[in-house]
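Hello,

I promised to pass this structure on to you, so here it is. Have a look first, and then read on for some notes on what turned up.

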Amino acid sequence: MTSWYSLGAGVLLAAALTACGGDSSDDNPAAGGEQVKTPDGLRLSFLSRYESGSFDASAAEIPAFDSASQRLFVVNAEQGVLDVLDFSDPQHPEKIGSLSVGEVAPGAEVNSVAVKNGLVAIAIEADPKTDNGFAALYRAEDLSLLGSVEVGAQPDMIIFTPDGSKVLTANEGEPSDDYQIDPPGSISIIDISNPQDPQADTADFTAFDADTLRSMGVRIYGPGADVAMDLEPEYIAVSADGKTAWVTLQENNALAKVSIDTATVTDILPLGEIDRSAEGFGLDVSDDDQEIHIKTWDGVVGLYLPDAIQAYSAGGSTYLVTANEGDARAWGEDNDAYWGTEGEDCMGDASQGFVEEFRVKHLVHASGFDRRCGDDLPPQLRELGAGALLDPAVFGYCGASAGDPGDCREDDVLGRLNITWVMGYKTDEAGSPLMYNDAGELDEAGTRIMYDTLYSYGGRSFSIRDENGNLVFDSGDQIEQFLASEECRLGTNRSIACQDYFNSGHDEINAMDSRSDAKGPEPEGLTIGAIGDKTFLFMALERMGGILVYDITDPQQPQRLDYLNSRNFWGGGGDGADIEDLIDDGLLAESDVGAVVGDLGPEGLVFIPASDSPSGMPLLVVGNEVSGTTSVYEVETLFDEE
């Protein structure tokens with residue numbers, strides 16, 4: 001452990017502490033905009049936070065607000081409950097109770113919450129998660145259970161239709177950690193006209209063919225999985241008329257389009273790829289140099305892999321906004337049987353897991369795959385061949401030749417970039433890998449596969465699409481470019497240069513550039529709010545932290561308006577430390593993380609219009625899963641001087 005803790009931690013933490021001074025939008029928040037003067041811009045100011053006292057335990061994930069009772073409902077996954085906060089004074093939110101779902105399903109976990117018309121709807125994950133879960137309805141004012149209904153496995157998100165007559169759950173259906181059980185993904189459409197007796201219909205994926213979807217560009221790749229097992233619904237957006245839902249299928253890089261009236265998946269919409277060789281779509285690919293190098297790369301593409309999605313109306317049409325976080329399938333990571341052991345027969349047990357993420361430098365090493373045996377070599381990759389090559393026709397710019405990756409695998413080039421190994425290698429017409437010998441020559445007896453495309457995770461961006469999934473706008477590398485700019489500032493008083501902590505991790509200290517090899521700042525959560533005649537996007541960056549604000553009134557030309565990051569403590573000591581080290585060394589109490597460090601790992605957001613706000617001002621509430629805090633921001637409307 002570095003010596004700065006004993007010498008300077010007290011001063012640094014005290015300084016950080018000083019710097020800290022100072023009806024639900026879960027549905028379609030843009031649908032009910034206020035009849036007020038239209039602002040020219042918005043600016044966030046930090047107002048307050050509620051601290052759960054738990055660090056890095058998902059103790060504050062998804063918030064929802066009930067204007068009638070003036071209560072916030074916050075998912076506390078660590079305790080498997082819903083925390084209930086008195087929000088009548090937004091400057092001092094106070095916990096007044098917790099809502100347990102034990103009477104619905106013993107040992108269950110709360111995954112998501114939505115509120116409308118005095119009803120609290122909760123998505124409940126069963127124990128084990130591969131069993132069917134539940135949706136439950138509670139009365140907001142007294143927390144009494146009204147009714148519940150069984151839904152699909154692992155309901156991960158819940159949302160009301162605009163008229164409040166139905167709720168929908170995205171049933172993710174992830175496999176068990178050892179991949180022995182893989183339940184189907186689905187979407188439940190629940191009629192709550194009688195809250196005491198909710199009735200669920202299921203929109204499933206049994207009508208879709210795997211080969212057809214693959215030919216369209218949908219990722220269907222789980223081992224031994226059919227379409228229904230492979231598709232994993234993540235997040236839902238609903239149209240203003242309540243007729244249509246769009247569901248992110250994150251790992252599959254697609255959207256599902258759902259008819260709510262018939263509880264039918266009507267279409268699956270592939271999202272396509274990001275050409276990282278195109279200007280405006282570059283990225284920083286290395287965490288090793290601790291420098292900012294955002295540039296374009298031939299042969300590298302990005303997969304959008306969106307998490308949150310919202311719908312809004314503009315010019316009489318519906319548009320969809322996605323936060324393109326990126327997510328890899330990784331099951332069995334802690335299972336030694338999956339990885340195998342070093343030695344002549346290093347093959348792990350492919351039935352015990354599935355991990356698709358791999359560094360470029362390990363994928364194309366001249367010595368082949370077996371050097372990673374017993375460490376991080378997926379057995380499914382080893383079944384494809386003994387090693388991999390880079391196509392010199394594509395990657396010659398970084399020194400690749402027929403049998404040698406050259407400098408492409410160096411840490412300051414492409415070597416540190418995490419990619420998926422399941423895509424990008426050359427195949428025949430049947431989809432089987434073409435084999436090459438060690439010299440890089442096409443050879444049926446060869447043992448090497450050859451990559452002409454490297455697929456990285458996440459857009460590091462947000463996208464706007466039409467109702468059929470066609471891309472209208474993508475922010476490309478704008479977020480990373482902004483974080484690298486002198487304009488970008490961190491902390492509640494906006495006094496810290498973003499450049500000094502570019503692409504940091506949410507639980508790290510002095511972590512400049514640490515996330516560049518992975519998914520960068522990771523846009524994850526978002527919500528939309530309407531003020532006057534304009535529509536605004538509020539988007540959370542999971543790793544870097546902070547909230548970006550955009551005017552998206554014109555879906556083809558979004559305008560960035562503001563960025564506020566309410567993390568105040570970023571560095572001041574040796575490399576390699578993180579927040580957990582401070583806690584373990586007794587230099588920081590877990591219950592003080594929010595007050596001293598600030599908000600870490602923002603996930604769920606809720607916009608509260610002025611008409612519903614206890615303060616009479618529009619507010620933004622954010623659940624921060626790493627710091628375990630619920631932060632409150634005032635949304636200041638700005639007007640040009642006449």
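A good place to start is Leu 605, which stands opposite Val 622 in strand E38. Leu 605 belongs to strand E37, made up of residues 602–608, and E37 pairs with E38 (residues 619–624) in the antiparallel sense over six bridges. E37 is mostly covered, with seven of its seven residues buried. Please keep in mind throughout that this is a predicted model.

Next, the cysteines. The count comes to two disulfides. In one of them, the sulfur atoms of Cys 398 and Cys 408 are 1.9 Å apart. Both of these cysteines sit in the loop between helix H7 (392–395) and strand E26 (418–420), ten residues apart. The link is right-handed, with 95° about the S-S bond. Cys 398 counts as buried at 9% relative accessibility, and Cys 408 is buried too, at 0%.

The other disulfide joins Cys 488 and Cys 498, with 2.1 Å between the sulfur atoms. Here the angle about the S-S bond is -60°, and the link is left-handed. Cys 488 lies in the loop between helix H8 (478–483) and strand E31 (489–490), while Cys 498 lies in the loop between strands E32 (496–497) and E33 (523–531). Cys 488 and Cys 498 are both buried.

Then there are the charged pairs: 24 salt bridges in total. Among them are these:

- Lys 95 pairs with Asp 83, the closest N and O atoms being 3.5 Å apart. Lys 95 is in strand E5 and Asp 83 in strand E4, twelve residues apart. Lys 95 is partly exposed at 33% relative accessible area, whereas Asp 83 is buried at 3%.
- Lys 129 pairs with Glu 174 at 3.2 Å. Lys 129 lies in the loop between strands E7 and E8 and Glu 174 in the loop between strands E11 and E12, so this salt bridge ties together parts that are 45 residues apart in sequence. Lys 129 counts as buried at 19% relative accessibility, because the cut-off for buried is under 20%. Glu 174 is also buried, at 13%.
- Asp 375 pairs with Arg 372 at 3.1 Å. Asp 375 is partly exposed at 45%, but Arg 372 is buried at 12%.

One last thing to look up in the viewer: Asp 230, Glu 232 and Arg 329 are linked in a network of salt bridges.

Happy exploring, and best wishes

Technical notes. Residues are numbered from 1 along each chain as its sequence is written. This is a predicted model: local features need pLDDT of at least 70, side-chain atom pairs count only at pLDDT 80 or more; totals for chains, interfaces and linings use all residues. Side-chain values use heavy atoms; hydrogens and water are left out. A disulfide is a pair of cysteine sulfur atoms within 2.5 Å. Helices (H or I, at least four residues) and strands (E, at least two) are DSSP runs, numbered from the N terminus. Buried means under 20% relative accessible area, exposed over 50%, partly exposed in between (1.4 Å probe, protein chains only). Two strands pair if DSSP finds at least two bridges between them. A salt bridge is a side-chain nitrogen of Lys or Arg within 4 Å of a carboxyl oxygen of Asp or Glu.
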